[in-house]
Amino acid sequence: MDLIKIAEQAFLKEDAPVIPEFKSGDTISVHYKIVEGNKERIQIFKGIVIQIKGTGTTKTFTVRKMSGNVGVERIFPFNSPYIQSITVDRRGVVRRARIYYFRDLTGKKAKIKEKRM
């Protein structure tokens with residue numbers, strides 16, 4: 001058990017940004033660094049968290065957004081060196097950890113209730 005934790009520490013990044021706590025149903029913005037040749041730029045991917053999966057170094061989260069009439073999903077590893085920051089825009093109220101049913105919904109049905117603070 002300890003050998004696994006020691007091996008995972010080697011892969012964790014030292015200058016990791018503080019990732020806020022979020023869960024499925026939340027709307028987040030992921031600021032992702034894209035490298036094209038010798039140029040770098042920051043791209044913002046804003047969408048709803050569909051699922052959070054895995055543990056340790058293999059922990060990932062899937063974000064879905066609508067681009068026109070096409071649904072786009074992107075899977076991000078939690079400890080990716082390309083993630084600059086994550087901001088939670090809205091907290092959503094869902095009853096499931098993995099909201100795959102969200103893929104089939106369109107129009108007003110595709111709205112998630114917002115959690116009141």
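This briefing describes the fold, sheet, cores and largest pocket of a single protein chain, together with two of its isoleucines. The model is a predicted one, and its chain of 117 residues has 29% of them counted as buried. The chain holds 1 helix and 5 strands, and the strands form an open sheet whose pairing is antiparallel.

**Overall layout**

- Read from the N terminus, the elements follow the order α-β-β-β-β-β, and the C-alpha trace spans about 45 × 40 × 25 Å along its principal axes.
- When contacts between residues at least 6 apart in sequence are considered, 53% of them join residues at least 24 apart.

**The sheet**

- Across the open sheet the strands are arranged in the order β4-β3-β2-β1-β5, with β4 (70–77) and β5 standing at the edges.
- Each of these edge strands has a single partner strand, so one side of β4 and one side of β5 are left without a neighbour in the sheet.
- From one strand to the next, the twist averages 40°.
- In general, the strands of a sheet pair through backbone hydrogen bonds, in either the parallel or the antiparallel sense.

**Strand pairings, with β1 and β2 in the interior of the order**

- The antiparallel pairing of β1 with β2 extends over 10 bridges, and within it valine 35 has glutamate 40 of β2 as its bridge partner.
- These two strands, β1 and β2, make a hairpin with 2 residues between them, and in its turn glycine 37 has a positive phi of about 65°.
- On the β5 side, β1 pairs in the antiparallel sense over 6 bridges, where valine 30 has isoleucine 86 of β5 as its bridge partner.
- Between β2 and β3, which run antiparallel, there are 5 bridges, and glutamine 51 stands opposite threonine 62 in β3.
- Of the 10 residues of β1, 7 are buried, so this strand is largely enclosed by the rest of the structure.

**Nonpolar cores**

- The largest nonpolar core has 13 residues, of which Ile28, Val30, Phe61 and Phe76 touch the most other members.
- At least two residues of this core come from each of β1 (27–36), β2 (39–53), β3 (60–67) and β5 (83–90), and the largest share, 4 residues, is supplied by β1.
- Phenylalanine 76 is in contact with Val30, Tyr32, Phe45, Lys59, Thr60, Phe61, Val63 and Ile83, when residues up to four places away in sequence are not counted.
- Apart from the largest core lies another core, of 6 residues, which includes Ile48, Ile50, Ile99 and Phe102.
- As a general tendency, nonpolar side chains in soluble globular proteins are buried together.

**Isoleucine 99 and isoleucine 44**

- Isoleucine 99, one of the residues of the 6-residue core, lies in the segment after β5 and is buried, with a relative accessible area of 0%.
- Leaving out residues up to four places away in sequence, isoleucine 99 touches Gly25, Ile48, Val49, Ile50, Val94 and Ile112.
- Although isoleucine 99 and valine 49 are 50 residues apart along the chain, their C-alpha atoms are separated by 8.5 Å.
- Isoleucine 44, by comparison, has its place in strand β2 and counts as partly exposed, because its relative accessibility of 49% falls between the limits of 20% for buried and 50% for exposed.
- Outside its neighbours within four places in sequence, isoleucine 44 is in contact with Ser29, Val30 and His31.
- The C-alpha atoms of isoleucine 44 and histidine 31 are separated by 4.6 Å, while the two residues are 13 residues apart along the chain.

**The largest pocket**

- The largest pocket has a volume of about 240 Å³ and is lined by 13 residues, of which Ile48, Lys65, Met66, Phe102 and Ala110 are the closest to its centre.
- Both β2 and β3 contribute to the lining of this pocket, each supplying at least two residues.
- Two residues named here, Ile48 and Phe102, are among the lining residues closest to the centre of the pocket and are also among the members of the 6-residue core.

Terms used:
Residues are numbered from 1 along each chain as its sequence is written. This is a predicted model: local features need pLDDT of at least 70, side-chain atom pairs count only at pLDDT 80 or more; totals for chains, interfaces and linings use all residues. Side-chain values use heavy atoms; hydrogens and water are left out. A nonpolar core is a set of buried Ala, Val, Leu, Ile, Met, Phe, Trp, Tyr and Cys residues joined through side-chain atoms within 4.5 Å. Buried means under 20% relative accessible area, exposed over 50%, partly exposed in between (1.4 Å probe, protein chains only). Contact means heavy atoms within 4.5 Å. Two strands pair if DSSP finds at least two bridges between them. Axes are lines fitted to C-alpha atoms, for helices over the stretch in contact, and angles run from 0 to 180 degrees between N-to-C directions. On a 1 Å grid over the protein atoms alone, a cavity is a set of points where a 1.4 Å probe fits but cannot get out, and a pocket is an open set with protein on both sides within 12 Å along at least five of seven lines; lining residues have an atom within 4 Å of a point. Grid points are joined across faces, edges and corners, and a volume is the space filled by probe spheres set on the points.
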